[in-house]
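I sat down with this model to look up a handful of things and jot them down as I went. The entries follow in the order I got to them.

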Amino acid sequence: MDFIYAVVPPQVLNQIFVGLSRTTILFIVSSGMSLILGVLRIPNVAHGSLYMIGAFMSFTIAKVFGGGATGFWMALVLVPVAVAVLSLIVERGLFQFLYEREHLMLLLLTFACSLVFGDLVKLVWGAEYKSVPVPHMFQGFVPLFGGIPFPLYNMFLLIVGPVVAVILWLIVNKTKIGKIARAAAVDREMVGAVGINVSWVFAVVFMIGCLLAGLGGALVAPTVSVTLGMDHTLIMEAFLIVIIGGLGNIWGALLGALIFGLSQSLGILIWPQFGIIFPYLAVIIVLLFRPTGLLKSTW
Amino acid sequence: MRKAFYVSMCFMFILGLFGLFSPAFSADTIKVGIVDTYSGPATTYTQDVLDGFVLAVNKINAKGGVLGKKIEYATRDEKFKPDIGLAMAKELVMKEKVDILVGTINSGTALAVSDFARKEKIPFFVTYAKSEKIIGEAGHRYVFNMNENTEMAGRAAAVALAKKPFVKYWICGDDYEYGHAIADAVWNNLQKLNPKVQLIGKSWWKLGEADFTPYITQIMGAKPDFIIVATGGSSMVNFQKAAKATGLSQKIPFYQHTATELGTLLSQGKEAPEGVYGTSHYLFYFPESPANKAFAEEFMKTYKRYPKSSAFVGYMTAQFIAEGFKKAGKIDNEALIKALEGLKLDSPIGPLSIRACDHQLELPTYFGVTKKDPKYDFLVSGNNQIVSPNDYMPTCEEVLKLRKK
């Protein structure tokens with residue numbers, strides 16, 4: 001290892017790994033947002049709320065099944081599905097009536113939804129902070145570069161990120177719904193003209209996008225306190241990631257999340273007092289040179 | 001006809017929203033208006049302030065009230081926004097004609113409402129905002145502070161930390177007023193009390209930061225002896241979780257104000273890290289006095305949960321208002337203020353008094369460390385060291401000097 005350390009100090013390597021594990025959650029949530037933005041043209045402000053609901057649901061599941069492995073895996077499976085079902089109800093009940101209207105109307109509707117979801121969460125789970133325990137198999141840490149401990153759960157996230165990316169790639173590129181969705185993103189009239197029910201394509205895409213928000217919530221729950229307002233912090237970051245990646249481009253979301261996560265963790269190392277500004281600096285630099293985002297926008 | 005019915009129903013509903021149908025105050029009541037945050041993460045504390053307050057008020061009213069008058073209260077949600085909070089306080093005074101204002105957790109709102117209270121000559125009891133400006137720079141005759149402020153918390157921690165052998169310190173925290181105020185208060189006082197300490201680095205993160213792992217791994221690489229973590233609210237829990245996951249809590253001891261409070265420890269259950277230093281001004285299990293036990297049991301019986309420190313603050317605020325009027329002998333705000341100055345009351349944690357010079361409640365601070373306790377399914381504050389208010393409160397001269405500026 002020593003020869004690597006001569007080039008890159010262990011602290012830097014360590015920060016890169018921590019940054020990458022953080023990127024996982026950001027990527028999962030913002031890719032869902034980007035998918036919805038690309039196909040349905042909805043800047044979904046309620047996306048963060050679904051992520052929050054996902055986190056609260058995993059709290060309930062962890063409580064019902066006990067904080068062990070069963071509860072954790074159940075949450076990872078059940079929560080995204082439940083969030084997807086909820087999103088389907090919202091999409092069929094509200095959103096589908098506004099697709100023909102201006103984007104502004106949809107934006108307002110998603111904003112209203114985020115407020116309603118916030119209050120719903122308070123009604124169902126109350127105002128107290130909740131905490132989901134890290135499942136026993138992921139408790140603890142391994143000494144990584146230079147003996148600096150690296151949490152096992154973050155290691156797990158490092159595996160989940162690429163797995164989700166590959167599954168997404170397969171869905172978007174290899175399945176029929178993926179192909180139709182990509183076509184609808186470019187020209188929805190044409191897709192309708194060849195006899196495909198665009199309305200249902202939208203519903204399915206919306207569901208997949210929201211499923212990812214729920215998955216993000218379930219994955220983040222063991223690492224943070226599950227609390228009201230966790231949606232606001234996330235939605236800001238997710239929007240920035242989607243913008244620097246290129247609106248509606250899923251791979252842009254991946255790239256944006258990488259830039260965001262890594263610039264933060266490395267920024268902390270360079271200047272810990274002002275670590276917070278580095279992701280935003282990165283956003284500014286990207287937008288200065290590529291105002292439409294790094295990858296091709298579908299807008 | 002039907003249309004008229006619907007319209008009038010809607011109209012009545014809207015009037016209802018404005019609170020015109022809330023229990024009307026009559027002349028033989030003392031009216032208290034509470035402005036606080038009842039939506040968003042802060043609710044975890046503010047609900048307890050309200051519940052503690054209501055518990056005390058119901059007890060007082062059951063015993064016949066104060067000077068034959070019952071205490072009534074009305075609440076408004078300021079949504080953690082000072083402009084809304086100020087508007088709500090004005091509305092309570094103008095429309096509901098409240099005699100007394102109580103609130104808020106938001107320091108910005110507390111300062112805005114305090115200024116309004118001074119102009120209207122209405123006593124304002126600050127329940128959970130921690131800015132030292134409330135009693136200091138912006139202090140005046142009509143404002144009372146019923147909990148500790150950042151300066152006091154920082155000094156109390158410094159008094160306790162100065163006795164420990166740590167030398168190399170790292171400071172990190174939320175990049176906003178509360179974070180910086182706590183960190184400065186601890187550090188400035190610690191330097192005075194123990195000149196040997198040195199600061200090897202600082203890091204600041206944005207308010208609401210959820211993932212502390214990159215910050216913690218960086219700090220661990222720098223190898224300080226001790227870390228002062230100036231954070232609050234849900235970030236307390238986030239930091240403790242990350243500290244446990246990275247093994248920080250076993251390797252480098254750290255201090256967080258309110259780390260040992262129930263609000264921080266309850267949600268994590270047995271999973272919270274042990275060995276975290278913290279300060280708190282109320283613990284329902286310490287001191288183990290009959291009075292404290294009685295209060296905790298009473299709160300538990302009414303609300304089916306343990307009282308947090310904010311519940312204690314709400315409870316004592318109502319007690320001080322009632323006893324203040326009793327001592328004054330009449331329902332008059334100027335007389336109430338005179339009566340409250342220096343008033344000493346028995347509380348669940350022993351006698352407490354309001355300092356006459358600056359209207360600050362003199363509270364002991366408990367400096368403790370988190371540990372498991374077989375009696376509870378969450379961690380508690382152990383090895384509690386009581387820091388007396390005399391040891392850490394700024395003197396009257398110091399506070400009044402701030403006001404003159």
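**Cavities**

I started with the lining of the largest cavity, where α4(A) gives the largest share, three residues. This is a predicted model, so everything below is computed from predicted coordinates. The elements that put two or more residues into that lining are α3 and α4 (69–93) of chain A. I wrote down the full lining: Ser58(A), Ala62(A), Gly67(A), Gly68(A), Gly71(A), Phe72(A), Ala75(A), Val132(A), Pro133(A), Ala218(A) and Pro222(A). How much space lies in the largest cavity? I get about 70 Å³. Searching the whole structure turned up four cavities of 30 Å³ or more.

**Second largest pocket**

Next I looked at the second largest pocket, with a volume of about 530 Å³. I count 23 residues in its lining, and those nearest the centre are Phe59(A), Lys63(A), Leu266(B), Ser267(B) and Gly269(B). Which elements supply at least two residues each to this lining? My list has α3 (47–64) and β1 (130–131) of chain A, plus α10 (262–265) of chain B. The largest share comes from α3(A), with three residues. I noted that α3 of chain A also gives two or more residues to the lining of the largest cavity.

**Salt bridges**

I then ran through the charged pairs and found 24 salt bridges over all chains. The one I went to first joins the side chains of Glu128(A) and Lys308(B), 2.8 Å from N to O. This pair crosses between chains: Glu128(A) sits in the loop between α5 (103–125) and β1 of chain A, and Lys308(B) in the loop between α11 (290–303) and α12 of chain B.

Are the two partners buried or exposed, I wondered? Glu128(A) is partly exposed, at 26% relative accessibility, while Lys308(B) is buried at 3%.

Lys308(B) also meets the side chain of Asp48(B) in a salt bridge, 3.9 Å from N to O. Asp48(B) belongs to helix α2 (residues 43–62) of chain B and Lys308(B) to the loop between α11 and α12 of chain B, so this pair ties together parts 260 residues apart in sequence. I checked the cover on Asp48(B) as well: buried, with a relative accessible area of 0%.

Zooming out, I see a network of salt bridges linking Glu128(A), Asp48(B), Asp51(B), Arg305(B) and Lys308(B).

I logged another pair too, between the side chains of Asp77(B) and Lys79(B), 3.9 Å from N to O. Here Lys79(B) is partly exposed, with a relative accessible area of 44%.

**Two helices of chain B**

Since Asp48(B) lies in α2 of chain B, I looked at that helix. α2(B) has 20 residues and reaches 28 Å from first C-alpha to last, close to the 28 Å expected at 1.5 Å a residue. Of those 20 residues, 16 are buried, so α2(B) is largely enclosed by the rest of the structure. Just after the helix, Gly64(B) takes a positive phi of about 100 degrees.

I put α12 (residues 309–328) of chain B through the steps used above. α12(B) has 20 residues and reaches 28 Å between its end C-alphas, close to the 28 Å expected. α12(B) is mostly covered, with 16 of its 20 residues buried. Just after α12(B) I find Gly329(B), with a positive phi of about 80 degrees.

**Nonpolar surface patch**

Over on chain A, I marked a nonpolar surface patch of about 960 Å². Its members are Ile270(A), Trp271(A), Phe274(A), Ile277(A), Leu281(A), Ile284(A), Ile285(A), Leu288(A) and Phe289(A). Where does the largest share come from? Six residues come from helix α12 (residues 277–289) of chain A. I picked out Phe289(A), which lies in that helix, and found a relative accessible area of 68%; Phe289(A) is exposed, because exposed means over 50%.

**Thr217(B)**

Last entry: Thr217(B), in helix α7 (residues 213–222) of chain B. Its relative accessible area is 1%, so I put Thr217(B) down as buried. From Thr217(B) to Leu248(B) I get 8.5 Å, C-alpha to C-alpha, with the two positions 31 residues apart in sequence numbering.

Methods: Residues are numbered from 1 along each chain as its sequence is written. Chains are lettered from A and ligands numbered from 1 in the order in which they are written. Side-chain values use heavy atoms; hydrogens and water are left out. Helices (H or I, at least four residues) and strands (E, at least two) are DSSP runs, numbered from the N terminus. The expected span of a helix is 1.5 Å times one less than its number of residues. Buried means under 20% relative accessible area, exposed over 50%, partly exposed in between (1.4 Å probe, protein chains only). Patches are made of residues with over 30% relative accessible area and no salt bridge: like charges are joined within 9 Å, nonpolar side chains (Val, Leu, Ile, Met, Phe, Trp, Tyr) within 5 Å. Accessible areas come from the Shrake-Rupley method with a 1.4 Å probe; for residues, only the protein chains shown count as cover. A salt bridge is a side-chain nitrogen of Lys or Arg within 4 Å of a carboxyl oxygen of Asp or Glu. On a 1 Å grid over the protein atoms alone, a cavity is a set of points where a 1.4 Å probe fits but cannot get out, and a pocket is an open set with protein on both sides within 12 Å along at least five of seven lines; lining residues have an atom within 4 Å of a point. Grid points are joined across faces, edges and corners, and a volume is the space filled by probe spheres set on the points.
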